[in-house]
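Here are my notes on this one, point by point. Have the model open while you go through them.

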Amino acid sequence: MGAGFAVAPQTIEDYVKNVVDKAITDMTTTATELQAMTHASMDTLVGQAHMPGSTRFTTTSKEMLGEFFALHQQITAGQQDMLNKIVGFRDKLMQTKDTYLRAEDEVLHSFRRIEGLFGGGHGTA
Amino acid sequence: MAPPDRKPDLDAPEKYNLDLDFHHSPEISVWADWLLHPEQHDYWRIYVYPSGDKEEFPRRSKQWEQENPVTTESVIQGLYVEQFFDPAQGLSGQKLGDATIMHLTGQGLINASWRVEDWSDRLAGGFEDVRKYWDNSTACTNAGDFLGAINTYAKKHAEITAQMAVVLLRYASTIKASRQRLDEAMKQLVDAFHTKHYASDTPTGKILAAAISVIAATALTAVTAGGSSVVAPAVAAGMATLVDKVAGAALEEDVKQEITEIKGQSWRSIVDSYFFAQAEILKRAGDEVGALKSEITKLKAELARLAPIPELKVGPC
């Protein structure tokens, strides 16, 4: 496993803390904002229809906004999926980091034991 | 100014559900009602002869009525007051200001766009070092492909959410600009009524249409600073400011967009020219909303073509 230790564990920690967690925070805020919008009342966006002239315009507006909010819901769902996947990615990353740390501890322990055998000053039993 | 012995109908905005951007409904309402009811005054009316011929008279003539077998009708017979406000009603009710659904939705989409853009590259780029570890370890993972897919997915989402904000801004700006032009048409109608009645002259006044075609490009620039995903400073000012800015650009460019003139010898011809103008303004607004619907359909297709993000796999080889 030695070649795999080219990257210090801290790098993973920094990456998670500074990049992944930041992305998750941003995405959570975004998901919350977008989900709030899907409950928006179309009435406040469409306008009124009382006579034939305005009815045509209002119908077109309703159709357009209906499509708009359908797409909005798809986008919201996609953002939520992306958020869930990145949270999963973070969890895997942290699990891997822990595995890595345990491995390093074992190697370090072995080195120190060898040093102790050859009379080094830092041996640990 | 109102007709003789009448006052502007201050209840008209509420009675006809008109947006506050329409300032002349109290005068139009009272003028239309006055013209529709010659039996309530001694001014403008049409005398209909037995032959069916009609003649517009500025004053009632009791002598003429006694000497001729005429019947009296309104100079705008057959119309309704509501017809003067039909397109205005279509352009009323939509809330365009700050802290409205329009504002919150637009701002939410713009925020989603720049936030995603902000982290997606760093997420993929920052993983490069970590990837080295995973590549050389006993772990097998598709994390590289996974993050690549996230990056592609995120960038497309950023693009589509920005475009959706542009669509919403175009919609709001179209309504705003059309309201302003319709309000001007209403003002010119009132001026025409004054000219016709008080000056006994033939009114004339040009009606311009907002250059709706300008709105698309201006809205795009306002949201994305010209196509890149950098949010323009104007966005921070809020939706109402953006709408004013984009609608203002359309109104500045409208000098060649002349629709018609509010003019005519008779009351009916004046009113007809106004009806034509208001219908044309609403039609152009409706055409733009129809174009926005096509734009949304296109964005939906783009989103549907986007490959789903794969499941992340990490485990022993």
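1. Start at the hairpin in chain B: strands S1(B) and S2(B) form it with 5 residues between them, and B:Gly52 in the turn has a positive phi of about 100 degrees. Strands here are DSSP runs of E, at least two residues long, while helices are runs of H or I of at least four, both numbered from the N terminus. This is a predicted model, so to speak of a local feature takes pLDDT of at least 70, and side-chain atom pairs count only at pLDDT 80 or more, whereas totals for chains, interfaces and linings use all residues. Residues are numbered from 1 along each chain as its sequence is written, with chains lettered from A and ligands numbered from 1 in the order in which they are written.

2. The two hairpin strands pair in the antiparallel sense over 4 bridges (pairing takes at least two DSSP bridges between the strands). Across from B:Arg45, the bridge partner in S2(B) is B:Phe57. B:Tyr47 has B:Glu55 as its bridge partner in S2(B), and B:Tyr47 also stands opposite B:Thr72 in S3(B).

3. That brings in the third strand: S1(B), residues 45–48, and S3(B) pair in the antiparallel sense over 3 bridges. Put together, 3 strands of chain B make an open antiparallel sheet in the order S2-S1-S3. S2 (54–57) and S3 (71–73) of chain B are the edge strands, each pairing on one side only. From one strand to the next, the twist averages 30 degrees.

4. Now the domains. Chain B splits into domain 1 (12–89) and domain 2 (90–304), with bounds from an automatic or database domain assignment. Between the two, 19 residues of domain 1 of chain B are in contact with 20 residues of domain 2 of chain B (contact is C-beta atoms, placed from the backbone, within 7 Å).

5. Which helices supply at least two residues each of the side of domain 1 of chain B that touches domain 2 of chain B? They are H2 (25–36) and H4 (86–90) of chain B; H2(B) gives the most, with 4 residues. By class, that side of domain 1 of chain B has 11 nonpolar, 4 polar and 4 charged residues (Ala, Val, Leu, Ile, Met, Phe, Trp, Tyr, Cys and Pro count as nonpolar, Asp, Glu, Lys and Arg as charged, the others, Gly among them, as polar).

6. On to helix packing. The axes of H6 (residues 143–198) and H9 (residues 239–252) of chain B come within 8 Å and cross at roughly 60 degrees. Axes are lines fitted to C-alpha atoms, for helices over the stretch in contact, and angles run from 0 to 180 degrees between N-to-C directions. That crossing makes H6(B) oblique to H9(B) (under 35 degrees is roughly parallel, over 145 roughly antiparallel, 65 to 115 roughly perpendicular, the rest oblique). Residues of this contact divide into 10 nonpolar, 2 polar and 1 charged; B:Leu169 and B:Ala172 are among those on the H6(B) side, B:Leu242 and B:Val246 among those on the H9(B) side.

7. Finally, the axes of H6(B) and H10 (residues 267–305) of chain B come within 10 Å and cross at roughly 180 degrees, which makes H6(B) roughly antiparallel to H10(B). The contact of H6(B) with H10(B) has 21 nonpolar, 4 polar and 6 charged residues.
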